[in-house]
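Trainee: I would like to learn how to read a few features of a protein model with some care. Could we begin with charged side chains and work outward from there?

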Amino acid sequence: MSAHPWMPQSPCGPSCVTGSTFRRVSAVRVTLRVLTALAVLLCGLLVVAAKPVLRANTRHAVRRWFASLVRGFGVRIELHGESKFQATPGRGVLVVSNHVSWLDSLVLNAVQPMAMVAKQDIKGWPLLGGLISAAGSVFIDRERLSRLPSTVSDLSEALRAGLAIGTNPEGTTWCGISSGRFRPALLQSALDAGVPVRPVAIRYRVADGTTARPAAFVGTEDLVTAMRRVLRLRGLVVEVHVLPEIAPGRADTRRELALLAEAEVAAALGTTVALHKELDFQRA
């Protein structure tokens, strides 16, 4: 049950990701993927520990680490559009993307390392939670609306300082066949900071072009279950479409900005947006 009427919800559940006939790899290949991913995860701890020494090279090392981790899980990244999210170095940008899988933040950081706005419970993920925290992520408790204004204020300050920050404005995951509405609240930070918004469309598919619904992390399932599906999939590819920036001034309100970004992402994916009453979980 939702903690409040504005809590983001998705109709996607187990039926969206099970029962499909996708090709699987052998048990031996699954084992190799697990061992590779664990080795990369442990190396990530060394990258975090070496940040003070790496200094200027930290970003490159972190990007390579995220790319290696995604590859370790047997996933190939296919980049479309710009090779980075910040068109102007040193200028802050709010990166907004659709939300499908637990892999999303790993994939985005493999393109360009950045702070992510993440759900509070991600902090508790084994190893991944600690590494995502060390990357400077901002954790948000969507069940406590009273904390949202201070989160928006913190994001605005970080954007003014020239950081790239990623967020999933749908507020929850979808299976990839359809998408949810972009909730406007956090986009207020880009308006306040006077920085652009960069829409990014993420799509998981297999070799024949079919949308890989088993890659989704939906409903109330646990992380281990979702990981197992990914580890077993053969030929999983994640398309990352880096779309043109939405410049400051194109939208006067956060609702207009959310609708612009949502339309760009939906057009790139060719998906439908689920129709439901649009609710902003930060009342003006």
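Mentor: Let us start with one pair: arginine 205 and glutamate 78 form a salt bridge, with their closest N and O atoms 2.6 Å apart. A salt bridge here is a side-chain nitrogen of Lys or Arg within 4 Å of a carboxyl oxygen of Asp or Glu. The pair links distant parts of the chain, since arginine 205 belongs to strand S7 (residues 197-205) and glutamate 78 to strand S1, 127 residues apart. Helices (H or I, at least four residues) and strands (E, at least two) are DSSP runs, numbered from the N terminus.

Trainee: Before we go on, what kind of model is this, and how are its residues numbered?

Mentor: This is a predicted model, in which local features need pLDDT of at least 70 and side-chain atom pairs count only at pLDDT 80 or more, while totals for chains, interfaces and linings use all residues. Residues are numbered from 1 along each chain as its sequence is written, and side-chain values use heavy atoms, with hydrogens and water left out.

Trainee: Is arginine 205 buried or exposed?

Mentor: The general idea is that a residue is buried under 20% relative accessible area, exposed over 50%, and partly exposed in between (1.4 Å probe, protein chains only). Arginine 205 has a relative accessible area of 11%, so this residue is buried.

Trainee: Which other residue forms a salt bridge with arginine 205?

Mentor: Side chains of opposite charge can pair when their charged atoms come close. Glutamate 239 forms a salt bridge with arginine 205, the closest N and O atoms lying 2.5 Å apart. Because glutamate 239 is in strand S8 (residues 236-242) and arginine 205 in strand S7, this pair ties together parts that are 34 residues apart in sequence. Glutamate 239 is buried too, at 9% relative accessibility. These contacts belong to a network of salt bridges that links Arg76, Glu78, Arg203, Arg205 and Glu239.

Trainee: How many salt bridges does a search of the whole structure find?

Mentor: The search finds 7. Another one of them joins the side chains of glutamate 262 and arginine 181, at 2.6 Å from N to O. Glutamate 262 lies in helix H10 (residues 254-269), whereas arginine 181 lies in the loop between strand S6 (178-179) and helix H8 (188-193), so the two tie together parts that are 81 residues apart in sequence. Glutamate 262 is buried, with a relative accessible area of 7%.

Trainee: How should I read a strand such as S2, and with which strands does S2 pair?

Mentor: Two strands pair if DSSP finds at least two bridges between them. S2 and strand S5 (residues 164-167) pair in the parallel sense over 4 bridges, with valine 95 standing opposite glycine 166 in S5. Another 4 bridges join S2 to S7, which run parallel, and the partner of serine 97 in S7 is valine 200. As for its surroundings, 5 of the 5 residues of S2 are buried: Val93, Val95 and Ser97 on one side, and Leu94 and Val96 on the other.

Trainee: On a helix, where do the buried residues of H7 lie?

Mentor: Helix H7 (residues 148-160) has 13 residues and reaches 18 Å from its first C-alpha to its last, close to the 18 Å expected at 1.5 Å a residue, where the expected span is 1.5 Å times one less than the number of residues. Its buried residues include Leu148, Thr151, Val152, Leu155, Ser156, Ala158 and Leu159. They cover an arc of only 165 degrees around the axis, which puts them on the same side of H7; the arc is that of the directions from the helix axis to the C-beta atoms. On the other side, Glu157 and Arg160 are exposed.

Trainee: Finally, how many aromatic pairs are there?

Mentor: Rings of Phe, Tyr and Trp (its six-membered ring) pair if their centres lie within 6.5 Å, and planes under 30 degrees apart count as stacked, over 60 as edge-to-face and the rest as tilted. By this rule there are 2 aromatic pairs. The rings of tryptophan 65 and phenylalanine 66 have centres 4.8 Å apart and planes at 75 degrees, so this pair is edge-to-face. Phenylalanine 73 and tryptophan 102 also form an edge-to-face pair, at 5.0 Å centre to centre and 80 degrees between the planes.
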